[in-house]
Amino acid sequence: MNVHLQPISFKKYSLTLIYSFFIMAIIAWCMEFYFERLYGDLTRIGNFPEHSFGWKSDQPAVLPENFKDYPMAEADILVIGDSFSVSRVWQSKLIADGLKVGTMTWQELRTDEALRTDLGEALRAAGFKGRYVIIESIERLFQGRMKALSPSREPIVKHELILNSAFPMYPLVKRERVTFNKLNGADWGVKALYNTLKLSLNLPEKYLKSGAVQAVNFDGCQLFSHRLCHYAIFVDGDFKKETFNSIDNVLTVNKSLQTVGIQPIWLIVPDKATVYLGYGQLTKYPYQNIWQSFAQHPELIAPDLGSVFIEKSRTIKDFYMPNDTHLSTNGFLYLGEFMTHGFHNLQANQANPFSP
Amino acid sequence: MIFNSYVFIFAFLPVVIFGFYGLGRYSHHLATLWLAAASLFFYGWWDARFVGLLLGSIAFNYGAGYVIGHSLAHSSRRAKLLLIVAIIANLSLLGYFKYANFFIDNLNALTGSAIMMAKVFLPLGISFFTFTQLAFLVDTYQGKVREYNFVHYTLFVTYFPHLIAGPVLHHKEMMPQFGTRETCRVNWEHIAVGLSIFVLGLAKKVLLADSLGEYATPIFEAVKAGGHPMLFEAWFGALSYSLQLYFDFSGYSDMAIGLSLMFNVRLPLNFNSPYKSLSIIEFWRCWHMTLSRFLRDYLYIPLGGSHKGKVRRYVNLLITMLLGGLWHGAGWTYVIWGGLHGLYLVINHGWRGLKERMGWRDGGKLARFSAGLLTFLAVVVGWVFFRADNFTVAMDMLNGMAGMNGWSISKHSADTAFGHVMKDFGAQFHGTLTLIDLGSGRMFKLLILGLFIVFKMPNVQQIMANYSPALNMEALKKPTRFAWQPSIVDAVVIVIVAYFVLINLHKQSTFLYFQF
């Protein structure tokens with residue numbers, strides 16, 4: 001009989017289990033505390049530790065009263081946006097400037113994230129009386145959202161944002177510490193440990209792909225505050241975006257809005273990889289600069305955030321979060337200031353109101 | 001505090017075990033007091049507001065039981081009156097906390113009145129500790145209770161392995177165990193067996209039930225939001241929930257049995273591979289066995305059981321199951337679920353009677369397979385009502401399961417030869433899951449794994465049967481070849497299971513039966 005199948009004493013068996021459980025738990029907790037509390041989306045989905053990729057410079061606080069969200073009927077400006085707008089951080093600058101901004105998401109359009117051919121009429125029917133609509137999208141998803149327009153005729157309903165202390169989008173000033181009731185989880189930790197070991201080996205290859213995230217060798221210590229600043233992490237989608245070729249649909253929606261007296265502003269937020277690695281670097285499909293496509297049509301108002309952000313990211317450290325696909329609070333507030341300035345110019349009828 | 005939490009496993013449990021055996025070396029009384037105090041702490045960790053209610057209930061029932069027990073010798077009428085008063089008091093307490101809102105809502109709906117009542121917060125485990133004590137009172141009246149040690153009684157009610165979600169205990173099977181000095185001495189056999197059972201139960205909860213819940217919950221929620229599930233999605237939702245509930249509750253019961261055994265106390269068996277049952281009668285002998293026992297002993301038999309003719313027997317069955325359904329929650333879907341099972345039982349008993357009269361014998365493998373399949377399908381239909389938030393949701397799910405909302409398969413199949421053939425049969429190509437934004441691949445694997453474990457694997461108590469970890473082990477289905485023993489290989493297997501549990505333990509979720 002195999003010696004391992006032979007009975008051992010109950011005490012020995014029990015102690016083997018108990019010691020194993022505690023050793024595993026202690027290792028898991030050590031990883032939790034060493035890797036630090038998860039905050040960024042890239043660190044979370046890519047299993048990269050916050051200890052290595054979390055930002056170290058504190059972020060500014062945003063006054064809670066500037067997180068107002070105006071209902072459709074009261075808003076001067078309606079933002080249709082994605083996760084870059086859901087946090088309402090950049091809009092806080094417009095609100096502080098006295099503008100009434102309402103924000104709704106692409107998902108709330110209930111058209112599988114497509115714009116409708118009758119967007120202008122539908123917004124008026126929904127009660128929007130304002131003059132401006134900002135259509136905000138991250139660069140990598142814009143082609144997917146614009147390649148087909150929706151024929152939907154369902155009424156548009158904007159949900160009210162309930163602002164209270166539980167509203168999860170207030171940006172942190174400092175990253176939070178690990179607590180026992182909010183753990184990253186040992187499953188995340190085991191993969192993070194593996195990635196940490198691989199990165200510490202100074203891999204000869206240029207990338208480390210983990211889940212939907214790529215770590216890229218990068219001379220970023222002047223641009224980011226995270227510890228492992230010779231690596232930067234990017235979401236895989238930044239390199240796999242579809243080639244933009246939907247300008248005709250943009251023009252259709254633009255016209256639909258202008259017909260009912262709404263001025264659209266197309267706010268295409270560049271991907272983190274575009275800002276830090278350059279236009280079209282490492283992309284799988286042929287790259288089309290969206291802002292250049294827009295610039296060929298003078299009837300479109302579309303700030304060239306590509307060039308603006310590339311420039312600003314060299315002067316504002318952690319302009320994008322090192323651990324996240326999104327802008328830092330500093331980055332969002334800059335975007336808010338940029339937009340506020342642009343609106344002043346727009347209201348003063350200046351040419352190229354959103355030029356840097 | 002829940003069993004599947006770090007604080008329970010790595011802080012509460014070791015401290016309580018060390019305290020119990022440490023004190024037990026000097027004083028049996030102190031050790032049981034420690035365990036009772038730890039159990040109250042365990043309860044209070046969840047919501048300290050109701051510790052007073054629990055203690056009040058214990059004090060009242062202990063007092064009532066004491067008086068009933070001592071009245072028996074002098075006046076059985078007085079004892080009976082006291083018993084009735086005590087039962088009414090217990091049911092009133094349960095009724096207020098569990099059914100008051102339900103009653104007012106229905107009254108308003110029926111009469112058009114607008115009686116307002118603040119939402120009553122349901123104290124955790126109230127159904128379990130009320131039923132446990134009701135059984136104690138009836139046992140006392142029937143002269144079955146011999147011991148009135150208050151600390152032991154408090155421990156009997158509050159004992160943390162069973163307090164929140166059962167098993168429902170009998171006074172007579174627990175008090176002798178609490179009263180034995182041996183209970184307070186370290187028994188490595190019990191610790192080894194208990195620890196292994198606890199880990200296996202935890203794995204059922206953390207790895208299987210919670211994973212299946214990731215699919216069952218959004219499907220039922222999507223239907224509640226107005227979605228109409230198509231054939232496969234409805235079946236996936238119903239099967240996921242059926243398996244989730246089984247792994248969740250039987251996992252909890254395994255954990256309770258394992259934990260209790262570490263304190264040298266055996267709890268009664270609560271699950272015995274119920275989905276392997278070949279009839280609904282057998283199912284109720286294997287599912288939540290201690291509740292079935294309670295309903296049989298304290299409701300069905302007092303109603304007359306099967307001794308007052310066939311019609312009365314069926315009426316009694318229906319009443320018992322309807323009230324059993326209502327015990328699970330203040331909602332009509334629970335009542336329908338109970339009624340449905342009552343009806344199943346009536347049909348099952350009727351069929352048995354017919355078989356006997358006609359002299360039909362049990363069939364072969366095919367008949368057994370068909371009986372098992374029919375039983376399982378009937379149970380799954382019942383779970384749809386049990387899980388649904390209201391009747392409309394349940395009917396939407398059942399319509400979907402009957403194919404009334406059409407059926408859809410993978411988008412990629414559309415351009416294949418298979419897809420073209422299926423299109424002729426009405427297939428659509430929107431993916432298998434049309435209401436929820438999740439891939440079906442993982443769910444499919446989980447369902448296969450779950451069904452394999454349920455139908456082809458021995459249950460945890462069968463694996464541990466050589467060491468009699470629970471009471472009434474004689475009820476177990478046939479023994480298994482996968483018998484556990486304390487070996488290096490078995491330890492490694494348990495440690496590997498524990499590793500996977502540990503890395504998923506941060507996704508803490510409560511047990512489904514906590515809400516009852």
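This note covers the overall make-up of chain A and one nonpolar surface patch in a predicted model.

1. Secondary structure. Chain A contains 13 helices and seven strands. Helix α8 of this chain, which spans residues 186-200, comes up again in point 6.

2. Extent. Taken along the principal axes, a box of roughly 85 × 45 × 40 Å holds the C-alpha atoms of chain A.

3. Burial and contacts. Chain A has 356 residues, and 55% of them count as buried. Among the contacts in chain A with a separation of 6 or more, 77% are between residues 24 or more positions apart.

4. Surface and charge. The exposed area of chain A is about 16,000 Å², with 55% of it supplied by carbon and sulfur atoms. The chain carries 36 positive and 35 negative charges, and the mean positions of the two sets lie 5 Å apart.

5. The nonpolar patch. A surface patch of about 450 Å² draws on both chains: A:V190 takes part, together with B:I488, B:V492, B:I496, B:Y499 and B:F500. The most is given by helix α20 of chain B (residues 488-504), which provides five residues.

6. The chain A member. Is A:V190 buried, partly exposed or exposed? This valine sits in helix α8 of chain A. Its relative accessible area is 30%. Buried would require under 20% and exposed over 50%, so A:V190 counts as partly exposed.

Definitions and conventions. Residues numbered from 1 in each chain as written. Chains lettered and ligands numbered in written order. Predicted model: local features only at pLDDT ≥ 70, side-chain atom pairs only at ≥ 80, totals over all residues. Heavy atoms only, no water. Helix = DSSP H or I, 4+ residues; strand = E, 2+ residues; numbered from the N terminus. Buried < 20%, exposed > 50% of the residue type's maximum accessible area, 1.4 Å probe, protein only. Contact = heavy atoms within 4.5 Å. Areas by Shrake-Rupley, 256 points an atom, 1.4 Å probe, with all protein chains shown as cover. Lys, Arg positive; Asp, Glu negative; His and termini not counted. Charge placed at Lys NZ, Arg CZ, Asp CG, Glu CD. Patch = residues over 30% accessible without salt bridge, like charges linked within 9 Å, V, L, I, M, F, W, Y side chains within 5 Å. Salt bridge = Lys/Arg side-chain N within 4 Å of Asp/Glu carboxyl O.
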